[in-house]
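Dear colleague,

Please find below the sequence and structure that I am handing over to you. My notes on them follow directly after.

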Amino acid sequence: MRFGAAVLRSYEEPFAVEEVVLSSGPAEGEILVRIAGCGMCRTDLAVRRSAGRSPLPAVLGHEGSGVVVETGGPDTGLAAGDHVVLSFDSCGHCRSCLGAAPAYCDRFAPLNLFGGRPEKAARFTDAAGGALAPRWFGQSSFAAYAVVPARNAVRVDPSLPLALLGPLGCGFLTGAGAVLNSFGAGPGDTVAVYGAGAVGLAAVMAATAAGAVAVAVDRHPERLALAEKLDAVPVHSDSADLPDRVRRLTDGGAQYALDTTGSAQLINDALRALRPTGHLGLVARLHTALPLEPGTLDRGRKISHICEGGAVPGLLIPRLTGLWQAGRFPFDQLIRTYPLADINEAERDCEAGLVVKPVLIPHQA
């Protein structure tokens with residue numbers, strides 16, 4: 001089977017949209033999906049800065065959505081024609097997976113970031129027969145088709161706008177899951193979100209949907225305007241005495257805070273703006289030591305890293321689509337679509353902050 005895909009061949013070069021070859025269909029427990037759309041996530045772009053740990057050449061993309069074309073056996077729980085959202089890979093067997101915490105799977109990094117599942121890796125090549133890296137996040141969905149472990153796929157209502165749903169499998173899942181799962185925020189709670197990108201704005205939408213008060217902190221006026229449109233209180237990150245201002249807006253301090261920036265200064269500001277027993281969650285990967293200022297963890301405050309929103313995708317994705325149908329999680333307002341052929345333009349716009357969530361469309365009408 002031959003089809004188009006965006007291949008990243010070096011850490012410095014642009015993506016190349018070219019023909020790739022799938023030598024066999026889905027194995028037992030897998031499905032073949034015709035991709036309707038795939039979100040571009042900053043984790044995809046971080047491969048360029050992975051110091052060689054993420055193998056190339058590779059087809060990236062891990063926020064895919066599409067239609068099941070073929071299943072590998074009767075036990076996938078899916079059938080041809082099903083509409084699905086694709087999420088992260090997990091082993092299904094470790095203590096975390098068995099404990100309904102697949103985001104903390106023992107094999108999360110090797111399965112998703114550093115080579116994927118080795119089984120039948122050679123069946124996916126470029127047109128000349130050159131090897132491509134095993135599936136990225138179990139998907140490699142910057143492509144017209146993807147072979148995916150069935151456990152990564154979540155069936156969705158076929159009336160939903162399928163091409164736009166992919167980011168619910170990672171970026172939007174991460175922000176919303178942090179608020180709804182890791183924090184368990186509800187009516188009367190206060191949630192301060194630092195960084196109003198795709199993950200941060202998903203957290204804002206989830207907080208307001210849950211009945212909490214959301215404060216959005218960012219340095220870009222257009223992102224703050226969008227956060228305000230989504231019912232958050234906007235605060236510029238350069239505001240004088242930022243922690244004090246957030247405390248005033250949250251009646252003595254936020255109960256929960258989510259940092260999506262990885263900025264040591266903002267992380268310390270977020271901790272100082274928490275009320276006693278408050279919880280700060282981090283989603284950005286930190287590449288240097290994090291200095292914590294004296295007193296920031298006093299009075300029961302805590303800090304933790306949150307991966308993939310602590311979500312079980314099969315539970316959270318239907319919850320988010322239900323909220324969208326009710327007008328309470330308008331994630332589509334954050335999306336701009338691009339043909340797959342324009343992937344390098346999408347990357348430039350994403351890096352420049354011109355788009356919140358690019359979604360690549362491989363099949364043009």
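The notes below cover a lysine, the cysteines and a pair of helices.

Please bear in mind that this is a predicted model.

Lysine 357 lies in strand 17, which spans residues 357-361. With a relative accessibility of 3%, lysine 357 counts as buried, because buried means under 20%. Its side chain makes a polar contact of 3.0 Å with the side chain of glutamate 63. When neighbours within four places in sequence are set aside, the residues in contact with lysine 357 include Gly39, Met40, Cys41, Pro167 and Phe172. Ala198, Leu334, Ile335 and Arg336 are also among the contacts of lysine 357.

Cysteine 41, one of those contacts, is itself buried, at 11% relative accessibility. Why does cysteine 41 not form a bond with cysteine 170? The sulfur of cysteine 170 is the closest cysteine sulfur to that of cysteine 41, but at 4.4 Å it is too far for a bond, since a disulfide requires the sulfur atoms to be within 2.5 Å. Cysteine 91 is likewise buried, at 11% relative accessibility. Its closest cysteine sulfur belongs to cysteine 105, and the 3.6 Å between the two sulfurs is too far for a bond. The count of disulfides comes to zero.

Finally, helix 7 (residues 242-249) packs with helix 8 (residues 264-272) at an angle of about 40°, and their axes are 8 Å apart. The two helices are therefore oblique to each other, and helix 7 passes helix 8 in a right-handed crossing. Leu242, Pro243 and Arg247 of helix 7 meet Leu266, Asp269 and Arg272 of helix 8.

Yours sincerely

Note on methods. Residues numbered from 1 in each chain as written. Predicted model: local features only at pLDDT ≥ 70, side-chain atom pairs only at ≥ 80, totals over all residues. Heavy atoms only, no water. Helix = DSSP H or I, 4+ residues; strand = E, 2+ residues; numbered from the N terminus. Buried < 20%, exposed > 50% of the residue type's maximum accessible area, 1.4 Å probe, protein only. Polar contact = N/O pair within 3.5 Å; in protein donor to acceptor, adjacent residues only side chain to side chain. Contact = heavy atoms within 4.5 Å. Axes fitted to C-alpha atoms, helices over the stretch in contact; angles between N-to-C directions. Parallel < 35°, antiparallel > 145°, perpendicular 65-115°, else oblique. Left-handed = near helix turned anticlockwise from the far one by under 90°.
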